[in-house]
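Subject: Structure handover and notes

Hi,

Here is the model I promised to pass on. Please open it next to this message, and my notes follow below.

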Amino acid sequence: MSPTIKPVTGAQYSRIHGVGGYRPTRVIPNSEVLNWIDSSDEWIRTRSGIAERRWAGPEETVAEMSVQAAGKAIAMAGIRPEQIGGVIVATVSHLKQTPAIATEIAQRLGCGTAPAFDISAACAGFGYGLGLADGMVRGGSAEYVLVIGVERLSDLTDVTDRSTAFIFGDGAGAAVVGPSEAPGIGKVVWGSDGSQAEVISQTQAWDTAFAKPDAVNGAGEETKWPALRMEGQTVFRWAVYDMAKVAEQALEAAGITADQLGAFIPHQANMRIIDAMVKKLDLPPNVPVARDIAETGNTSAASIPLAMERMLERGEAKSGDLALIIGFGAGLVYAAAVVTLP
Ligand SMILES: CC(C)(COP(=O)(O)OP(=O)(O)OC[C@H]1O[C@@H](n2cnc3c(N)ncnc32)[C@H](O)[C@@H]1OP(=O)(O)O)[C@@H](O)C(=O)NCCC(=O)NCCS
């Protein structure tokens with residue numbers, strides 16, 4: 001008889017056990033943005049819903065913000081760091097290509113030899129991480145998995161670009177995913193559309209940016225640090241029309257109707273996108289909606305866990321409630337799911 005591999009068994013179900021966030025101390029109100037671009041507080045507020053954002057200082061590194069956020073999530077989960085069997089860090093703004101920042105974060109948190117890796121899924125990064133963590137817990141490769149969404153988008157912001165200078169913020173959010181007696185994470189509806197890769201992207205690749213200025217820009221011209229750029233209206237239309245459908249699919253896959261939700265926590269991209277999605281989903285008015293963007297700006301992978309923590313902190317949603325989360329962004333990529341709040 002040929003030898004058989006011993007089967008791996010994991011938890012039957014998974015859920016989020018704890019969530020935590022870190023917000024940089026420096027607040028950038030719209031009035032400060034007006035020093036860089038020709039705009040107005042009123043324009044920024046009405047077009048994006050943003051009143052202020054937070055930008056990280058030199059000490060608030062990707063690793064430091066992650067450790068702070070994860071520490072809170074682990075404490076809320078009531079587990080020891082060494083019980084964590086996987087650390088997934090979703091980020092597009094860790095500027096060192098290798099090694100992954102996840103290993104340093106795992107080590108600083110005391111997660112032993114847990115596998116640790118970074119993923120690049122922009123504003124869908126937290127949802128992608130959640131999908132992976134859910135699979136790891138149920139597949140038996142880890143008991144608890146830490147998912148971190150962290151960004152220092154200020155490092156990739158061109159403060160002279162009127163279409164992006166006011167949007168981005170920095171911060172970290174984390175969640176601990178572990179075993180559960182009942183389903184706590186619905187099917188993650190995720191996907192990508194590489195035909196729209198250029199809609200949100202870095203202005204130039206690092207090799208181009210660091211090539212000899214003479215070769216790239218012509219003699220004497222200054223090499224420009226890469227930044228994020230986007231086709232605002234294309235993103236807006238895609239987010240409102242296509243992403244509302246993805247959110248509906250996540251509800252359907254979970255067997256939940258909008259009126260059963262205790263919270264809607266979309267990626268904090270733009271308040272107008274959030275409002276349009278609420279309308280398209282026909283969300284009952286009593287379902288609380290995350291509107292953290294007003295004070296935090298768009299923090300990409302960090303935005304959903306940051307908003308989740310804030311809603312719980314402020315009592316806008318409570319532990320055990322069902323929340324619909326949806327992230328979407330550069331790739332283009334998206335991920336939505338119904339989750340039970342920790
Ligand atoms: C970026 C965004 C706010 C711009 O709003 P918009 O209505 O599309 O703006 P437009 O680029 O069409 O410009 C409209 C007008 O505002 C002006 N404008 C553009 N940026 C401006 C600024 N920062 N301040 C003041 N005026 C501005 C334009 O010059 C234009 O003026 P005109 O009508 O006289 O020509 C909007 O497209 C958006 O939110 N897109 C989605 C972005 C997003 O969520 N990204 C995150 C994805 S994860």
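First, a definition: a residue is called buried when its relative accessible area is under 20%, exposed when it is over 50%, and partly exposed in between, with a 1.4 Å probe and protein chains only. By that measure, 55% of the 342 residues of the protein are buried.

Please keep in mind that this is a predicted model, so to speak of local features I needed pLDDT of at least 70, while side-chain atom pairs count only at pLDDT 80 or more and totals for chains, interfaces and linings use all residues. Residues are numbered from 1 along each chain as its sequence is written, and side-chain values use heavy atoms, with hydrogens and water left out.

**The overall picture**

The protein has eleven helices and 13 strands; these are DSSP runs numbered from the N terminus, with helices being H or I over at least four residues and strands E over at least two. Its radius of gyration is 20 Å, close to the 20 Å that the globule rule gives for 342 residues, so the protein is as compact as a globular protein of that length. That radius is taken over C-alpha atoms, and the rule is 2.2 Å times the number of residues to the power 0.38. Along the principal axes, the C-alpha atoms fill a box of roughly 70 × 50 × 40 Å.

Contact here means heavy atoms within 4.5 Å. Of the contacts between residues at least 6 apart in sequence, 78% join residues at least 24 apart.

On the surface, about 15,000 Å² is exposed, and carbon and sulfur atoms supply 51% of it. Accessible areas come from the Shrake-Rupley method with a 1.4 Å probe, and for residues only the protein chains shown count as cover. There are 28 positive and 38 negative side chains, and the centres of the two sets lie 2 Å apart. Lys and Arg count as positive and Asp and Glu as negative, leaving out His and the chain ends; each charge is placed at NZ of Lys, CZ of Arg, CG of Asp or CD of Glu.

**Helix α4 and its surroundings**

Have a look at α4, residues 101-109, where Ile101, Ala102, Ile105, Ala106 and Leu109 are buried. Down the helix axis these buried residues fall within an arc of 135°, so they line one face of α4. (The arc is that of the directions from the helix axis to the C-beta atoms.) Their packing partners are α3 (62-77), β4 (84-90), β5 (116-119) and β6 (144-152). Just after the helix, glycine 110 has a positive phi of about 85°. In the loop between β4 and α4 you will find proline 99, which a cis peptide bond with omega of about 0° joins to threonine 98.

**Backbone points to check**

Most residues other than glycine have a negative phi, and most peptide bonds are trans. With that in mind, here are some other places to visit:

- The peptide bond from glycine 331 to leucine 332 is cis, with omega near -10°; leucine 332 sits in the loop between β12 (322-329) and β13 (333-340).
- Alanine 122 has a positive phi near 45°. Its place is in the loop between β5 and α5 (125-139), and it is buried at 7% relative accessibility.
- Serine 300 has a positive phi near 50°. It belongs to the loop between α10 (293-296) and α11 (303-313) and is buried at 5%.

**Three residues and their contacts**

The neighbours named here leave out residues within four places in sequence.

Methionine 308, in helix α11, is buried with a relative accessible area of 1%. Its contacts are Ile16, Val19, Ile265, Ile325, Val339, Leu341 and Pro342.

Glycine 191 is in strand β8 (residues 189-192) and counts as buried at 14% relative accessibility. It touches Tyr128, Leu332, Val333 and Tyr334; Leu332 is the residue that follows the cis bond from glycine 331. By C-alpha atoms, glycine 191 and aspartate 207 are separated by 28 Å, though 16 residues apart along the chain.

Arginine 229, in strand β10 (residues 228-230), is partly exposed at 27% relative accessibility. Its contacts include Thr164, Glu198 and Ser201. Aspartate 161 is 68 residues from arginine 229 in sequence and 8.3 Å away in space, C-alpha to C-alpha.

Happy browsing, and best wishes!
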